[in-house]
Amino acid sequence: MIKTLQIAILLLLLWQSAFSQNIADTVKIKTVEVVETIVPEAYKATKFDSLTKEQSTDLAELINNNSGAFIKSYGAGSLASISFRGTGASHTQVLWNGVALNSPMNGQIDFSLYPTLFFDDAELNHGASGLINGSGALGGSVILNNQEEYNSQTKIAFNQTAASFNSYTSALKLKFGNKKWFSETQLYGKYAENNFEFKNISLPESPTEKLTHATNKQYGIQQAVYRKLKNSSIGARLWYFNSDRELPGIITKSELSEETQKDESIRALIEWKGLKNNLQYHISTALVAEALIYQDTVADINSKSETQLFDNNINTTIYLNNKWKLNNNLNFKYEIANADGFSTKNQRTRTSWLLGISKDFKKLSVNAFNRIVIIETELKPFAPGFGAQYKILNKQNLFIKANAGINYHYPTFNDLFWNPGGNENLKPEYAKMLESGLSYSKTLKNIEVSTEATAFYAKVKDWIIWLPTEFGYSSPTNIREVETKGVEAQLSITA
């Protein structure tokens with residue numbers, strides 16, 4: 001991973017050098033605005049504004065404090081995973097500028113390792129809306145995006161915070177640009193001892209103790225360089241992050257813990273996006289490489305796992321006229337994983353193709369699409385989605401919306417190949433999803449009030465669950481049929 005990082009940094013520095021040599025050039029080009037494709041209005045989405053994002057340190061805090069999704073956290077700086085609409089952590093897909101970030105090994109991400117500094121926009125796509133972003137999102141999707149700004153600018157922003165328990169966070173953002181180039185550098189560092197006091201209820205009289213062996217250190221950098229062309233832009237981003245944390249023991253033996261975990265990741269993205277006549281396109285290729293090292297000197301454990309994901313996307317939108325729109329999205333992934341728990345290095349290819357169409361009428365908007373998924377040689381040709389939104393009142397922003405679809409969640413490498421326990425005969429989880437709701441918004445002087453209520457239902461067949469075996473270890477199997485249902489309601493007031 002270090003060699004990969006050095007090569008990526010060298011390429012970006014060379015590009016940065018080219019940028020500095022041409023920054024004084026003056027080129028007159030036509031202004032072009034490229035808007036990323038978002039989920040249709042018939043689907044439920046929660047968008048986080050810039051102020052909300054700036055008030056949160058990491059993605060776990062942002063989602064937990066500003067949405068209905070549940071973040072299960074083991075404490076400050078510790079593992080934070082998500083549960084969306086009653087599903088498991090691997091049932092929520094996370095995408096950064098269209099690049100999948102979920103681990104090929106367990107299908108999850110640790111939300112505490114994603115500082116809000118490293119993305120400009122964030123939103124949750126609930127339930128069936130996750131169908132549009134790819135297969136596997138039975139609960140929903142988390143969408144993270146970065147933006148470029150082509151104007152004459154030199155901006156420097158620095159933020160330093162200090163908190164209890166010897167906790168310190170530093171964040172630096174540098175932006176440079178003109179009408180032709182855009183460059184952005186982001187630096188992040190965090191240190192926390194987390195030596196807070198607690199009542200140890202496992203001991204007689206519940207004495208007050210201090211948490212030990214819980215120090216957390218994080219640092220990272222993201223570098224971006226983009227070049228604006230006549231009707232498009234091309235650029236690259238590099239995101240490196242390192243986390244080194246001590247893992248406190250259970251309260252009955254906390255002083256005996258010697259466990260540590262180091263997470264290291266690098267995400268490199270090259271993308272080309274633009275608008276030509278009635279064709280909007282976004283073509284990208286990315287590498288996501290991660291390493292996790294777990295050590296326990298007491299138990300004499302030194303475990304290492306590594307994954308690499310090559311993610312390639314060709315996404316196009318054709319505007320047939322002012323009301324018809326055709327989406328054509330092609331994705332190819334190549335996954336590699338190697339861990340002490342595997343008997344050999346594992347790899348697989350994943351290909352998907354989404355073709356969809358949408359139409360806006362006077363008061364009604366409808367959309368339909370189908371996704372074809374190929375995992376290695378297994379073909380799933382039918383994963384459709386349908387949605388509609390209808391404006392009930394002519395002079396009021398009162399809408400009724402409904403959507404439905406089918407989705408598949410494929411077993412992870414751990415499910416298939418972990419030794420002992422992996423089950424290579426697992427079937428993908430198969431979900432039928434349905435939701436409906438009402439939304440209303442109104443502006444009163446300078447205050448905007450919006451509210452939305454959504455009822456959802458999903459039935460999942462062949463749910464994968466790990467169960468104990470007669471051999472003394474657990475193994476996954478397709479044993480459950482699961483139903484998730486509920487109601488989500490929200491109210492927002494913006495001044």
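**Cores and paired strands in a predicted model**

In this predicted model, the largest nonpolar core comprises 34 residues. Those with the most contacts inside this core are Leu-59, Ile-63, Phe-111, Val-142 and Leu-144. In soluble globular proteins, nonpolar side chains tend to be buried together.

Which elements give two or more residues to this core? One is a helix, α3 (59–66), and the strands are β3 (80–83), β4 (92–96), β5 (99–100), β6 (121–126), β7 (140–145), β14 (232–247) and β16 (279–296). Of these contributors, α3 gives the most, with four residues.

Ile-63 illustrates how such a core is joined. Leaving aside residues up to four places away in sequence, Ile-63 touches Phe-48, Ala-69, Ile-71, Ile-82, Phe-111, Leu-124 and Val-142. A second core, separate from the one described above, consists of 15 residues, among them Leu-131, Leu-354, Ala-431 and Val-482.

Attention may now turn to the strands. Strand β14 is joined by 16 bridges to β15 (residues 259–276), and the two run antiparallel. Within this pairing, Gly-235 has Glu-271 of β15 as its bridge partner. Strand β15 also pairs with β16, again in the antiparallel sense, over 18 bridges. Here Lys-273 stands opposite His-282 of β16. In a regular strand, the side chains alternate between the two faces of the sheet.

What lies between β15 and β16 in their hairpin? Two residues separate the strands, and Asn-277 in this hairpin takes a positive phi near 55°. Strand β16 thus appears twice in this account: it gives two or more residues to the largest core, and it pairs with β15.

Methods:
Residues are numbered from 1 along each chain as its sequence is written. This is a predicted model: local features need pLDDT of at least 70, side-chain atom pairs count only at pLDDT 80 or more; totals for chains, interfaces and linings use all residues. Side-chain values use heavy atoms; hydrogens and water are left out. A nonpolar core is a set of buried Ala, Val, Leu, Ile, Met, Phe, Trp, Tyr and Cys residues joined through side-chain atoms within 4.5 Å. Buried means under 20% relative accessible area, exposed over 50%, partly exposed in between (1.4 Å probe, protein chains only). Contact means heavy atoms within 4.5 Å. Two strands pair if DSSP finds at least two bridges between them.
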